[in-house]
Amino acid sequence: MERKYQVFVSSTYKDLIEERQHVIHALLELDCIPSGMELFPAADEDAWTLIKEVIDNSDYYLLIIAGKYGSENTEGISYTEMEFDYAVSINKPIISFLHDNVCLLYTSD
């Protein structure tokens, strides 16, 4: 039986909807199991516990970076950064993609 790898897809959301769809589609074509923020309830402490559990159960952490920092927790840290920092802390293999036109996607939101 062929093993299917689970890949946690992380990024800011509104500015990278199309890019996330392309990555998720590519992962499905590779017989991988994509997981990410689309599966979680609104960001809060309970959601953060669930997010860490999904990252724990994923084989890879995939990060898409563009010009936005993302929604922040009460300490001013974006959930995308928290996810990345957590993946690093547990030595999860990380794959990163930097958008080719970061400035175009940057807004003050």
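Aromatic pairs first: the count in this predicted model comes to 4. I'll walk through two of them.

Start with Phe8 and Tyr61. Their ring centres sit 5.9 Å apart, and the planes meet at 10°. The cut-off for stacked is under 30 degrees, so this pair is stacked. Now place the two rings. Phe8 lies in strand 1 and Tyr61 in strand 3, so the pair ties together parts that are 53 residues apart in sequence.

Buried or exposed, these two, Phe8 and Tyr61? Phe8 has 1% relative accessibility and counts as buried. Tyr61 is buried as well, with a relative accessible area of 0%.

Next pair: Tyr61 again, now with Phe84. The centres are 6.3 Å apart and the planes are at 55°, so this one is tilted. Tyr61 is in strand 3 and Phe84 is in helix 3, with their positions 23 residues apart in sequence. Phe84 counts as partly exposed, because its relative accessibility is 29% and buried means under 20%. Put the rings together: Phe8, Tyr61 and Phe84 form one aromatic cluster.

Stay in helix 3 for a moment. That helix covers residues 79–89, and Thr80 has its place there. What does Thr80 touch, leaving out residues up to four places away in sequence? Ser10, Ser11, Thr12, Tyr61 and Leu63. Note Tyr61 in that list; Tyr61 is also a member of the aromatic cluster. Thr80 has a polar link too: its side chain reaches the backbone oxygen of Ser11 at 3.3 Å. As for cover, Thr80 has 15% relative accessibility, so it counts as buried.

On to charges. How many salt bridges does a search of the whole structure find? It finds 1. The partners are the side chains of Arg3 and Asp59, at 2.6 Å from N to O. Here, too, distant parts of the chain are linked, with the partners 56 residues apart. Arg3 is in the segment before strand 1, which covers 6–10. Asp59 is in the loop between helix 2 (45–57) and strand 3 (60–65).

Why does Asp59 count as buried? Because its relative accessibility is 19%, and the cut-off for buried is under 20%. Arg3 is partly exposed, with a relative accessible area of 49%. The limit for exposed is over 50%.

Now step back to the whole chain. The secondary structure comes to 4 helices and 4 strands. Along the sequence, the pattern reads β-α-β-α-β-α-β-α. The chain has 109 residues, and buried residues make up 37% of them.

Contacts next. Take those between residues at least 6 apart in sequence: 72% of them join residues at least 24 apart. Phe8 with Tyr61, at 53 residues apart, is one aromatic pair that spans distant parts.

Last, the surface. The accessible surface of the chain comes to about 7,000 Å². Carbon and sulfur atoms account for 55% of that.

To recap. One aromatic cluster holds Phe8, Tyr61 and Phe84. Thr80 in helix 3 touches Tyr61, among others. And Arg3 meets Asp59 in a salt bridge.

How values were computed:
Residues are numbered from 1 along each chain as its sequence is written. This is a predicted model: local features need pLDDT of at least 70, side-chain atom pairs count only at pLDDT 80 or more; totals for chains, interfaces and linings use all residues. Side-chain values use heavy atoms; hydrogens and water are left out. Helices (H or I, at least four residues) and strands (E, at least two) are DSSP runs, numbered from the N terminus. Buried means under 20% relative accessible area, exposed over 50%, partly exposed in between (1.4 Å probe, protein chains only). A polar contact is a pair of N or O atoms within 3.5 Å; within protein, one must be able to donate a hydrogen and the other to accept it, and residues adjacent in sequence count only if both atoms are side-chain atoms. Contact means heavy atoms within 4.5 Å. Accessible areas come from the Shrake-Rupley method with a 1.4 Å probe; for residues, only the protein chains shown count as cover. A salt bridge is a side-chain nitrogen of Lys or Arg within 4 Å of a carboxyl oxygen of Asp or Glu. Rings of Phe, Tyr and Trp (its six-membered ring) pair if their centres lie within 6.5 Å; planes under 30 degrees apart count as stacked, over 60 as edge-to-face and the rest as tilted.
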